[in-house]
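Student: Can we go through this one together? I'd like to start with a term I keep tripping over.

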Amino acid sequence: MALTRDDIWAVADRLDAEGKAPTLAAVRKALGRGSFTTISEAMREWHQRRKEKTDKTQEAGPVPPDLDEAVRRFSQEVWAKATEIAKAEEAKLAHEYAEARKEWDRERQELEAVAEDLSTALEECQAKADEAAAALADLARRHAETEALLITLKEKARENEARIEELREENKRLHDLLMQAVSKED
């Protein structure tokens with residue numbers, strides 16, 4: 001990218017504002033590039049422009065005391081008004097911040113109350129879930145006991161049925177013997 005006159009002038013203005021002499025070497029060093037010929041031509045124009053500005057300032061002469069005083073008073077009035085506006089804005093912002101802070105605190109307290117309620121509800125649900133789990137475990141235990149008892153009772157019932165069948169057969173045999181004995185006596 002080619003070096004422009006405006007680039008060179010900007011560096012020269014900056015060096016001059018910093019109180020440093022805008023020499024060819026200083027400008028080239030600040031730019032970090034460029035030929036002395038290019039910089040020299042632009043600096044010649046820069047010096048000419050600067051001289052014209054200085055001449056115009058000197059031609060105007062010193063600022064009249066009345067004008068200087070009027071500018072000073074005007075500056076003070078502008079500063080006072082700017083300070084007043086800034087303080088009013090600061091007070092407004094402080095008030096808005098305080099109101100926003102109150103609202104935030106209120107909302108935070110509400111959220112904390114909701115969180116507390118939810119925590120309590122969660123604890124109650126957990127307690128009910130624990131109770132339900134214990135009741136379910138008890139029911140499962142009782143069901144297992146009932147199943148075991150039912151199996152035992154079924155086994156006893158089969159044993160009893162087998163015993164009843166044995167007793168019936170024994171009763172029939174005894175009945176048959178009795179009938180034979182009665183028929184022999186007749």
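Tutor: Start with accessibility: a residue is buried under 20% relative accessible area, exposed over 50%, and partly exposed in between. Keep in mind that this is a predicted model.

Student: OK, so where does R173 fall, buried, partly exposed or exposed?

Tutor: R173 has 42% relative accessibility, so it counts as partly exposed.

Student: And what does R173 form a salt bridge with?

Tutor: With E170; the closest N and O atoms of the two are 2.4 Å apart. Both residues lie in helix α4, three residues apart, which is about one turn of the helix. E170 has a relative accessible area of 33%, so E170 is partly exposed too.

Student: Which residues are joined into one network by salt bridges that share partners?

Tutor: R101, D105, R108 and E112.

Student: Why would side chains pair up like that?

Tutor: Side chains of opposite charge can pair when their charged atoms come close.

Student: How many salt bridges are there in the whole structure?

Tutor: A search finds 21. One of them links D138 and R142, with 3.6 Å between the closest N and O atoms. This pair also sits in helix α4, four residues apart, or about one turn.

Student: Are D138 and R142 buried or exposed?

Tutor: Neither. D138 has 28% relative accessibility, so it is classed as partly exposed. R142 is at 45%, so it gets that label as well.

Student: What does R14 pair with?

Tutor: The side chain of R14 meets that of E18 in a salt bridge, at 3.6 Å from N to O. R14 is partly exposed because its relative accessibility is 39%. For E18 the relative accessible area is 42%, so E18 is partly exposed.

Student: Switching topic. How are helices α1 and α2 arranged, roughly parallel or roughly perpendicular?

Tutor: Helix α1 covers residues 5-17 and helix α2 covers residues 24-31; their axes come within 10 Å and cross at roughly 110 degrees. Angles from 65 to 115 degrees count as roughly perpendicular, and therefore α1 and α2 are roughly perpendicular to each other.

Student: Which residues meet there?

Tutor: From α1, the residues are D7, I8, V11, A12, R14 and L15. From α2, they are A26, V27, A30 and L31. R14 is the residue we just saw in the salt bridge with E18.

Student: What about nonpolar residues on the surface, which ones form a patch?

Tutor: V63, L67 and V71 form one, with about 270 Å² of accessible area together. V71 is found in helix α4, which spans residues 65-185. The relative accessible area of V71 is 44%, so V71 is partly exposed.

Student: Last one. Is D66 buried or exposed?

Tutor: Exposed, because its relative accessibility is 66% and the cut-off for exposed is over 50%. D66 lies in helix α4.

Student: And how far apart are D66 and A80 in space?

Tutor: From C-alpha to C-alpha, 21 Å, with a separation of 14 residues in sequence.

Key: Residues are numbered from 1 along each chain as its sequence is written. This is a predicted model: local features need pLDDT of at least 70, side-chain atom pairs count only at pLDDT 80 or more; totals for chains, interfaces and linings use all residues. Side-chain values use heavy atoms; hydrogens and water are left out. Patches are made of residues with over 30% relative accessible area and no salt bridge: like charges are joined within 9 Å, nonpolar side chains (Val, Leu, Ile, Met, Phe, Trp, Tyr) within 5 Å. Accessible areas come from the Shrake-Rupley method with a 1.4 Å probe; for residues, only the protein chains shown count as cover. A salt bridge is a side-chain nitrogen of Lys or Arg within 4 Å of a carboxyl oxygen of Asp or Glu. Helices (H or I, at least four residues) and strands (E, at least two) are DSSP runs, numbered from the N terminus. Buried means under 20% relative accessible area, exposed over 50%, partly exposed in between (1.4 Å probe, protein chains only). Axes are lines fitted to C-alpha atoms, for helices over the stretch in contact, and angles run from 0 to 180 degrees between N-to-C directions. Angles under 35 degrees count as roughly parallel, over 145 as roughly antiparallel, 65 to 115 as roughly perpendicular and the rest as oblique. Contact means heavy atoms within 4.5 Å.
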